[in-house]
Amino acid sequence: SDDLDSFADLDSSEWQNGVVKSLASFGAFVEVTLEDGAKAQGLVHISQIRDGFVDNINDELEGGQDVKVRVLSVDRSKRQMSLSMKEGGGGAPRRGPSDVSPFENVASDQWLTGKVARIAS
């Protein structure tokens with residue numbers, strides 16, 4: 001059985017060791033083991049596997065794979081744990097989409113001169 005209570009107060013920025021137990025179209029069920037040996041299974045939703053859109057979870061993960069996860073939340077009443085494999089951080093808020101309309105009529109084989117405004121890692 002799960003030691004879910006051991007996971008409730010973990011810092012969501014801390015990485016934990018996990019093993020993918022099964023895959024579903026909406027995410028991966030991962031068994032997480034803490035340093036003290038406590039174990040519980042949680043869900044890494046498909047949107048929490050990596051940055052960017054994941055089209056097919058089978059292209060990203062497989063059963064038995066060792067993964068690093070962060071515990072986002074624990075719902076004791078439902079006995080559920082939400083996990084993430086994405087880097088955490090409350091970084092800068094996402095900016096809205098850029099206006100690319102000035103480039104709509106540029107041919108795909110036309111080269112443009114530009115300048116790097118900033119680099120994000």
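A contact here means heavy atoms within 4.5 Å. With that in hand, take the contacts in this chain between residues at least 6 apart in sequence: 56% of them join residues at least 24 apart.

What you have in front of you is a predicted model. The average pLDDT of the chain is 87, and 88% of the residues reach at least 70. Residues 90–94 are a stretch to treat separately: pLDDT there is below 50, and beyond near neighbours in sequence the stretch makes zero contacts in the model.

Now the secondary structure. How many helices and strands does the chain have? There are zero helices and five strands, so to read from the N terminus is to read β-β-β-β-β.

I will spend my time on strand E5, residues 80–84. On one side, E5 pairs with E3, residues 39–45, in the parallel sense, over two bridges. In E5, Leu 83 is the residue that Val 44 stands opposite.

E5 also pairs with E4, residues 66–75; these two run antiparallel and are joined by five bridges. Here Arg 70 stands opposite Ser 84 of E5. E4 and E5 make a hairpin, with four residues between them. One residue in that turn is Arg 79, which has a positive phi of about 55°.

Last, the surface. The chain has 121 residues, and 24% of them count as buried. Its accessible surface is about 9,000 Å², with 46% of that belonging to carbon and sulfur atoms.

Note on methods
Residues numbered from 1 in each chain as written. Predicted model: local features only at pLDDT ≥ 70, side-chain atom pairs only at ≥ 80, totals over all residues. Heavy atoms only, no water. pLDDT = per-residue confidence, 0-100. Buried < 20%, exposed > 50% of the residue type's maximum accessible area, 1.4 Å probe, protein only. Areas by Shrake-Rupley, 256 points an atom, 1.4 Å probe, with all protein chains shown as cover. Pairing = 2+ DSSP bridges.
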